[in-house]
Amino acid sequence: MRKEKNMLVIDSPSDNAYFNIASEEYLLGKFPDDDIFLLYINAPSIIVGKFQNTLAEINLDYVNENKIKVVRRMSGGGAVYHDLGNLNFSFHTLLADHDFMDFATFTLPIVSVLNQLDIPAKLEGRNDLLVNGKKFSGNAKLVKNGKMIQHGTILIDSQMEVLGDALKVNPLKFVDKAVKSNRARVTNLIEYLPQGFTTTNFKELLIEEMKREHPDVEMIEFSASDIENIERLVKEKYETWDWNFGFSPNYNFKKAIKIPAGFIELHLDVHKGYIENVKIFGDFFASSSINELENLLIGKKHELEEIVVLLESIDLTSYFGKVDASEIITLFK
């Protein structure tokens, strides 16, 4: 970090993942030349890398049932799970002042705080923080408008069972060339921290560490105007299907089910989230050509809500025999 320049520290007032991920982009425009250290805690959410196929990274049924937000970030890398036991940090600085592949500089404050608590944390590999061989923090980077952002997670007391279920997907459903998440062995720092320690406690220690390293730190808050502008960016981009799902790379989706009406196998070619080609196979009996249904699906979003509307509007028994719409709907999950 450049010592001659002020460091702005922002503690986000929101636990909405749409808001907090959007705020990272907003701050690039608001403070184009300043160093920024942003901290935020999200309610249950999955944050996917910019180049990932969202549907191939998440357990969609589980995510929908548990009302877990899914948000695509601006940086690459893998999918991560956030909840109230997970502290997130985001450094913003001018790219010209730093080596893009230098992850150590921006993870040093976290390591320092933990080492002061006698926890043997260290940076290992390219971008992970580990303690006793287990990962508690992953980091990602991006460059935009001459600024570099390095952001990461810190697992304090996250619900590991939810993390596992939310990111558990059937690998046989998808065939694509998107960047895949690496599921490393992870741990919560709560196992090493003093009894009663909370995510907020750690955040406070991290802010104090930043003040110690940068005596000219300026604590700032989002203004009413900032919040209004960030919320506008949320509406226009970060909570939209097009950004979070439609931005996904091309992929092939397949699934087969066995129901009383027979065996049914579905194959989809999906481009930017929209179905381009469909083939349905099986040993079912149909009075109408299955090609009719295949053609009706072409051009639809590979999104359950849109597909449900279509399937519930037509007579599926003419294509599959005696079936319920709910049985056919499971093919697309």
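In this predicted model, the second largest pocket has a volume of about 390 Å³. Seventeen is the number to keep in mind when looking around its wall, for 17 residues line this pocket, and those closest to its centre are Leu60, Asn64, Phe245, Glu303 and Glu305. Several elements of the chain contribute to the wall, and those that give two or more residues to the lining are helix 2 (60–65), strand 4 (69–72), helix 7 (241–246) and helix 9 (304–311). When the lining residues are sorted by character, nine are nonpolar, four are polar and four are charged.

From the pocket we can turn to the sheet. Eight strands form an open sheet in the order 7-8-9-10-6-2-1-12, and their pairing is mixed. Strand 7 (121–124) and strand 12 (218–220) each have a single partner strand, so they stand at the edges, and one side of each is left without a neighbour in the sheet. If direction is ignored, neighbouring strands of this sheet are turned by 20° against each other on average.

Within the sheet, strand 2 (residues 35–41) pairs with strand 6 (residues 86–94) in the antiparallel sense, over six bridges, and here Ile41 stands opposite Leu87 of strand 6. Helix 3 (residues 104–116) packs on the sheet, where it touches strand 6, strand 7, strand 8 (128–131), strand 9 (134–144) and strand 10 (147–155), and the direction of this helix makes about 155° with that of strand 7. Helix 5 (residues 199–213), in turn, lies across strand 1 (7–11), strand 2, strand 6, strand 10 and strand 12, and runs at about 170° to strand 2.

Definitions and conventions:
Residues are numbered from 1 along each chain as its sequence is written. This is a predicted model: local features need pLDDT of at least 70, side-chain atom pairs count only at pLDDT 80 or more; totals for chains, interfaces and linings use all residues. Side-chain values use heavy atoms; hydrogens and water are left out. On a 1 Å grid over the protein atoms alone, a cavity is a set of points where a 1.4 Å probe fits but cannot get out, and a pocket is an open set with protein on both sides within 12 Å along at least five of seven lines; lining residues have an atom within 4 Å of a point. Grid points are joined across faces, edges and corners, and a volume is the space filled by probe spheres set on the points. Helices (H or I, at least four residues) and strands (E, at least two) are DSSP runs, numbered from the N terminus. Ala, Val, Leu, Ile, Met, Phe, Trp, Tyr, Cys and Pro count as nonpolar, Asp, Glu, Lys and Arg as charged, and the others, Gly among them, as polar. Two strands pair if DSSP finds at least two bridges between them. Axes are lines fitted to C-alpha atoms, for helices over the stretch in contact, and angles run from 0 to 180 degrees between N-to-C directions. Contact means heavy atoms within 4.5 Å.
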